[in-house]
Amino acid sequence: MEKTTSSSSSSSSSSSSEKEKEKENVKIKKKEALGWMEWLRGWMYVAQEMLFQRIMASHLQNPLPLPPINELTCIVTGSTSGIGREIARQLAQAGAHVVMAVRNTKAAQELIQKWQNEWSGMGLPLNIEVMELDLLSLESVVRFAEAWNARLGSLHVLINNAGIFSIGEPQNFSKDGYEAHMQVNHLAPALLSILLLPSLIRGSPSRVVNVNSVMHYIGFVDPEDMNVVSKKRKYTSLVGYASSKLAQVMFSSILHKRLPAESGICVLCVSPGIVQTNVARDLPKIVQAAYHLIPYFLFSPQEGSRSALFASTDPQIPEYCELLKSDEWPVCAFVSQDCRPTNPSEEAHNIKTSYEVWEKTLEMVGLPLDAVERLLEGEEVKCRYGVSE
């Protein structure tokens, strides 16, 4: 009789422990999307920026006055239009050596000629050059980095400005096989930032400035489905764009942690605000009409360039980044459209996912997991996309 009771008790205990395990599994079930509260808060941030960005940034001058930067060498991606064009022009006019890293080199040369003509008689000729870079090709990124590093010169500021938002378009993939938003907005800039570390080390103190977006607040990244092809989430251009911008913040946060303070390299993300650029041409006609009815709320490209220019040149930025590093803050420095430090989204603080995004990104761009450490030691690192077939 005692044996039966004992057996029955053991069976009951086993059954209850199985239930506990099931409960635990439910608890640690993989997150597959933002919770509705997170999603709602994200849209509130977006709406707040749209409606109040002018008021929040009313203390800023336009254009933003820049400190003396004659000694700086700056690479600006996507600098033939929009915010990037303004960033490149203003840096050059303030005395920096500017490299326009662009796909359309002819358009960049024409811009330089125009700026030189306008600048004639106002001082020394602008120090600008053009180099070809196509972010839809990781091979092009490797070629660009190799060409720049071969100069053995210093790089003080890398501004990853180029980006796409193909509103309403069907899902597109690069020739490397990656979803276009994810590649242009995150993967290619991530690869470029790591490959240019040797030049950034020579230019130390130096900075990597990623032009991000308030839209990352509604983004969600599944490290196992960076291309959004698993059908767990329905793909839309908004999903593609917001996911890529969140991935950029997460990757930047881990890069910030991996770079020791003595490297002298700061990593920041910035929000330019909601800016009136040529993205409107891809909008449906009715949305285009609404877009042009609210010009008061939207920033011009010159206004939208201020946060990136501030992050690139303000002398207190290194102190801010060092403070975050010493406090072991979970996210990298983030500067809002009104040039003030701000907090990225709640999801951006997810350290576990950020490390997974870091590892998956390095795998996708063809770099070893210890690439940063090896480059800091002065070793050569090969990228899969740099190997000729």
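In this predicted model, residue I75 of one strand has V99 in strand β2 as its bridge partner. This pairing is one part of a wider arrangement, in which five bridges join strand β1 (residues 73-77) to strand β2 (residues 97-102), the two strands running parallel. Together with helix α3 (residues 82-93), strands β1 and β2 make a β-α-β unit that is right-handed. Strand β1 is also joined to strand β4 (residues 157-160), again in parallel, by three bridges, and here C74 stands opposite V157.

The surroundings of strand β1 were examined next. Five of the five residues in β1 are buried, so the strand is largely enclosed by the rest of the structure. In a regular strand, side chains alternate between the two faces of the sheet. In β1, T73, I75 and T77 point one way, while C74 and V76 point the other way, and all of these residues are buried.

Residue I75 also takes part in the largest nonpolar core, which has 58 residues and in which I75, L191, I194, L196 and L367 touch the most other members. The elements that give two or more residues to this core include β2, α5 (138-149), α6 (180-195), α8 and α13 (351-365), and α6 gives the most, with nine residues. When its neighbours within four places in sequence are left aside, L196 is in contact with I75, F144, A145, W148, N149, L155 and L158. Separate from this core is a second one of 44 residues, which includes I69, C266, V275 and L324.

Residue L324 belongs to helix α12 (residues 317-326), where I317, Y320, C321 and L324 are buried. These four residues lie on the same side of α12, because they cover an arc of only 95° around the axis. On the other side of the helix, by contrast, E319, E322 and S326 are exposed. The buried residues of α12 pack against two helices and three strands, namely α8 (237-258) and α11 (306-313) together with β5 (206-211), β6 (265-270) and β7 (333-335). Helix α12 is followed by E328, a residue whose phi is positive, near 55°.

Methods:
Residues numbered from 1 in each chain as written. Predicted model: local features only at pLDDT ≥ 70, side-chain atom pairs only at ≥ 80, totals over all residues. Heavy atoms only, no water. Buried < 20%, exposed > 50% of the residue type's maximum accessible area, 1.4 Å probe, protein only. Pairing = 2+ DSSP bridges. Right-handed = clockwise from strand over helix to strand, strands pointing away. Arc of directions from axis to C-beta. Contact = heavy atoms within 4.5 Å. Core = buried A, V, L, I, M, F, W, Y, C linked by side-chain atoms within 4.5 Å.
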